[in-house]
Amino acid sequence: MLSEAQRPTDVVERSIEVDGINIRYSHAGHGSPLVLVHGLLGYSFNWRYAIPILAQKRAVYALDMPGSGFSDAPPVLDARLSAAAHRLSRFLDKLGIQHCYLIGSSYGGATVLGLATLEPQRIKTLVLVSPANPWSMIGRTRLAALRVPGVGIVFPDLSRRLRFMHGYFVRRMYGDPERVSAQTLHGYSLPLVRPGVLEHAVRIARSWREDMGELKSHIRNAADIPILVIWGSKDRLVDLASAQAICENFRTARTVIIEGAGHLPYEEVPEQFCPPVLDFLETYSSAQGIDGK
């Protein structure tokens with residue numbers, strides 16, 4: 001694994017304006033475009049270990065979704081899942097990416113699924129990493145709490161004041177909390193102090209139930225896209241049992257369970273995460289005979 005201090009020289013940080021919103025992203029490699037979409041309260045930092053491995057074979061783009069990381073987080077930003085999928089589509093448009101391979105983690109998994117239901121012809125394959133989905137029972141109580149008006153109002157400011165609690169939530173995402181370093185905790189905390197980021201997360205939680213219902217209704221639109229579902233066996237945030245329900249909606253589906261890993265296997269154990277992903281991408285790149293933009 002790369003050390004925290006290392007950042008491959010071919011990984012560049014860029015920004016692009018899409019419909020008046022500044023979007024920050026990391027880019028590395030050449031070839032077919034592979035787009036990485038982080039989860040709730042994450043950003044491109046999450047993929048720092050996976051990018052240099054995946055970029056050996058692909059042109060990798062890891063964006064900070066609007067409302068997250070160091071992209072713009074305006075207070076009027078639509079927080080519905082369909083709006084996030086549309087913004088991802090417009091990001092691809094602006095970069096001139098007509099067809100791509102997508103990896104989505106957690107809420108990012110739901111986002112790429114949302115885009116796949118809207119524009120299935122654009123997506124060559126989907127890799128879903130413990131994706132948020134309509135069949136997972138875990139976390140619904142916490143999400144419901146954020147829908148309570150009083151809680152939702154005080155949560156962002158309280159979270160910024162109690163920064164020491166950030167470490168607790170990051171460690172819960174790992175199968176082995178001992179793997180979480182001080183640099184990792186620092187990286188996760190950096191964007192949370194930015195105005196608008198936590199507020200946007202609260203708005204996402206408020207529309208969660210409706211968004212998951214809509215995703216469930218339309219997921220079969222993407223049934224022809226080959227998918228790879230990857231889960232850590234010790235995921236505490238999204239229900240591993242829901243993997244089967246997701247796969248039943250697709251004609252071609254693989255499942256990989258990484259023993260001992262938590263919610264973020266690409267960050268916790270990238271050396272176990274990346275090989276099955278690259279194998280899957282290579283299989284369907286060869287079958288489709290497609291090379292990207």
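Here are a few exercises on the structure above, each with a worked solution.

This is a predicted model, so local features need pLDDT of at least 70 and side-chain atom pairs count only at pLDDT 80 or more, while totals for chains, interfaces and linings use all residues. Residues are numbered from 1 along each chain as its sequence is written, and side-chain values use heavy atoms, with hydrogens and water left out.

**Exercise 1. Work out how strand E2 pairs with E1 and E4, and how covered E2 is.**

Step 1: Get the terms straight. Helices (H or I, at least four residues) and strands (E, at least two) are DSSP runs, numbered from the N terminus. Two strands pair if DSSP finds at least two bridges between them.

Step 2: Look at E1 (residues 12-18). Seven bridges join E1 to E2, and the two run antiparallel. One of the partner pairs is Ser15 with Arg24 in E2. The E1-E2 hairpin has two residues between the strands, and Asp19 takes a positive phi near 50° there.

Step 3: Move on to E4 (residues 59-63). Four bridges join E2 to E4, again antiparallel, and Ala28 has Val60 in E4 as its bridge partner.

Step 4: Check the cover. Six of the eight residues of E2 (residues 21-28) are buried, where buried means under 20% relative accessible area, exposed over 50%, and partly exposed in between (1.4 Å probe, protein chains only).

**Exercise 2. Find where Arg48 and Glu267 sit, and decide whether each is buried or exposed.**

Step 1: Start with the contact. Arg48 and Glu267 form a salt bridge, with the closest N and O atoms 2.6 Å apart; the rule asks for a side-chain nitrogen of Lys or Arg within 4 Å of a carboxyl oxygen of Asp or Glu.

Step 2: Place the partners. Arg48 is in the loop between strand E3 (33-37) and helix H1 (50-54), while Glu267 is in helix H11 (residues 265-268), 219 residues apart.

Step 3: Check the accessibility. Arg48 counts as buried because its relative accessibility is 8%, and Glu267 counts as buried because its value is 1%.

**Exercise 3. Explain what the Arg251-Asp224 salt bridge ties together.**

Step 1: Take the distance. The two side chains meet at 2.3 Å, N to O.

Step 2: Trace the chain. Arg251 lies in the loop between helix H10 (242-247) and strand E8 (253-258), and Asp224 in the loop between helix H9 (208-218) and strand E7 (227-232), so the pair ties together parts 27 residues apart in sequence.

Step 3: Check the cover. Both Arg251 and Asp224 are exposed.
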